Every structure is written in C-alpha cells, then in structure tokens.
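Here's a quick briefing to read with the structure open beside you. Take a look around first, then come back for the details.

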Amino acid sequence: MKAVIQRVLGADVRVDGKTVGKIEKGLLVLLGVMEGDTEREAALMASKISKMRIFEDENEKMNLSVLDVGGSVLSVSQFTLCADVKKGNRPSFTPSAAPDAANELYEKFNGYLLSEGVKTVEKGIFAADMKVSLINDGPVTIIFDTDIWTKK
C-alpha cells in the first residue's frame, strides 16, 4: 500500500462538478492499494498516518499529529500511485490491486482512521474521475509505502 500525505489548510474533491469531500485543517491522503495488500497494511497505514507528527507545536517544531490538532483527513483512492515505471515511457498499472479488492481495502483504511481517533474522514468516490484541490501547508508532503514495514 502506498500513500502520499499532504498537510493542508484545506482540501476538497469534486466529481462531475459537485463537491463530494471537503476538509479544513488536516491531511490529504492519496492512497494506492497494491496487489497482495491486506487488512494488515490498511490498519498499519492508518495507524502510522494518524500518529505522524507533522503539525507544528508552540515552538514551531513538527511535533503534533492530526489527532493532536483535531484535524480531519480527506482520503482519495489513487491507483496511479501503484504504477510500474521501470520500462519505457508508459506506466503499467498491473501492480495495483483489482478494483473490488482495492475498494474494500480503501474503505477499511478509512474505517481504521476513524477507529484511531481521527475526528472526520471525508472521501472521494472510488474509480471516479475526481478533481482534487488543496492548500498545502508548508508545503509538507510525505510518501509512505507499507513495504518498508512489511518487507515484501
């Protein structure tokens, strides 16, 4: 499972011109589900992201998590994070999970964020053509890959 996490002052996702998810201060999470990912990776990713200390404390040190600041998460499924770019100039998306399995793990990931204590989790629409807008705060952008913890 792969994720791009951005600390934001605000973010929204639109489908067919309608806002389907919107947050203020918090995290925008673009999530890619890989073939072979399980609930274990979804739970691990949600735990790490919810506790990741990338918000500034009173001393302007990145020492607080989204939980500490009472922030929200906008979660957007993005299979293109799973691209294989080793050969040629056209990415291959065969490493991504099949749509049904990916959607199931995406939804479980969102549920795990809530169970970790994130106050609000807004979402995009799985497999839709989405337009994402954000105000990146910092900018702060972190890339996670569960392979670093699970040693696939």
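What follows is a short tour of a helix pair, a strand with its partners, and one residue on a neighbouring strand.

Keep in mind that this is a predicted model. Two spots get most of the attention: the place where helices H1 and H2 come within 8 Å, axis to axis, and strand S1, which is largely enclosed by the rest of the structure.

**The helix pair**

- Helix H1 covers residues 39-51 and helix H2 covers residues 99-115; their axes cross at roughly 40°.
- That angle makes H1 oblique to H2, since angles under 35 degrees would count as roughly parallel.
- As for handedness, H1 passes H2 in a right-handed crossing.
- On the H1 side, the residues that meet H2 are Glu-39, Ala-42, Ala-43, Met-45, Ala-46 and Ile-49.
- Facing them from H2 are Leu-105, Lys-108, Phe-109, Tyr-112 and Leu-113.
- Sorted by class, this contact between H1 and H2 has nine nonpolar residues, two charged ones and no polar ones.

**Strand S1 and its partners**

- Strand S1 spans residues 2-15, and 11 of its 14 residues are buried, so the strand is largely enclosed by the rest of the structure.
- With strand S8 (residues 130-145), S1 pairs in the antiparallel sense over 12 bridges. Within that pairing, Ile-5 has Ile-142 of S8 as its bridge partner.
- With strand S3 (residues 26-32), S1 is again antiparallel, this time over seven bridges. Here Ala-3 has Leu-31 of S3 as its bridge partner.
- With strand S2 (residues 18-23), S1 shares five bridges, and these two strands also run antiparallel. Ala-11 finds its bridge partner in Ile-23 of S2.
- S1 and S2 form a hairpin with two residues between the strands, and in that hairpin Asp-16 takes a positive phi near 55°.

**A closer look at Ile-143**

- Ile-143 is found in strand S8, which is one of the strands that pair with S1.
- Buried or exposed? Ile-143 is exposed: its relative accessible area is 68%, and anything over 50% counts as exposed.
- Ile-143 and Val-4 are 139 residues apart in sequence, yet 4.6 Å apart in space, C-alpha to C-alpha.
- If you set aside neighbours within four places in sequence, Ile-143 is in contact with Ala-3 and Val-4.
- Ala-3 therefore turns up twice in this tour: in contact with Ile-143, and as the bridge partner of Leu-31 in S3.

Terms used:
Residues are numbered from 1 along each chain as its sequence is written. This is a predicted model: local features need pLDDT of at least 70, side-chain atom pairs count only at pLDDT 80 or more; totals for chains, interfaces and linings use all residues. Side-chain values use heavy atoms; hydrogens and water are left out. Axes are lines fitted to C-alpha atoms, for helices over the stretch in contact, and angles run from 0 to 180 degrees between N-to-C directions. Helices (H or I, at least four residues) and strands (E, at least two) are DSSP runs, numbered from the N terminus. Angles under 35 degrees count as roughly parallel, over 145 as roughly antiparallel, 65 to 115 as roughly perpendicular and the rest as oblique. A crossing is left-handed if the near helix is turned anticlockwise from the far one by less than a right angle, and right-handed if clockwise. Contact means heavy atoms within 4.5 Å. Ala, Val, Leu, Ile, Met, Phe, Trp, Tyr, Cys and Pro count as nonpolar, Asp, Glu, Lys and Arg as charged, and the others, Gly among them, as polar. Buried means under 20% relative accessible area, exposed over 50%, partly exposed in between (1.4 Å probe, protein chains only). Two strands pair if DSSP finds at least two bridges between them.
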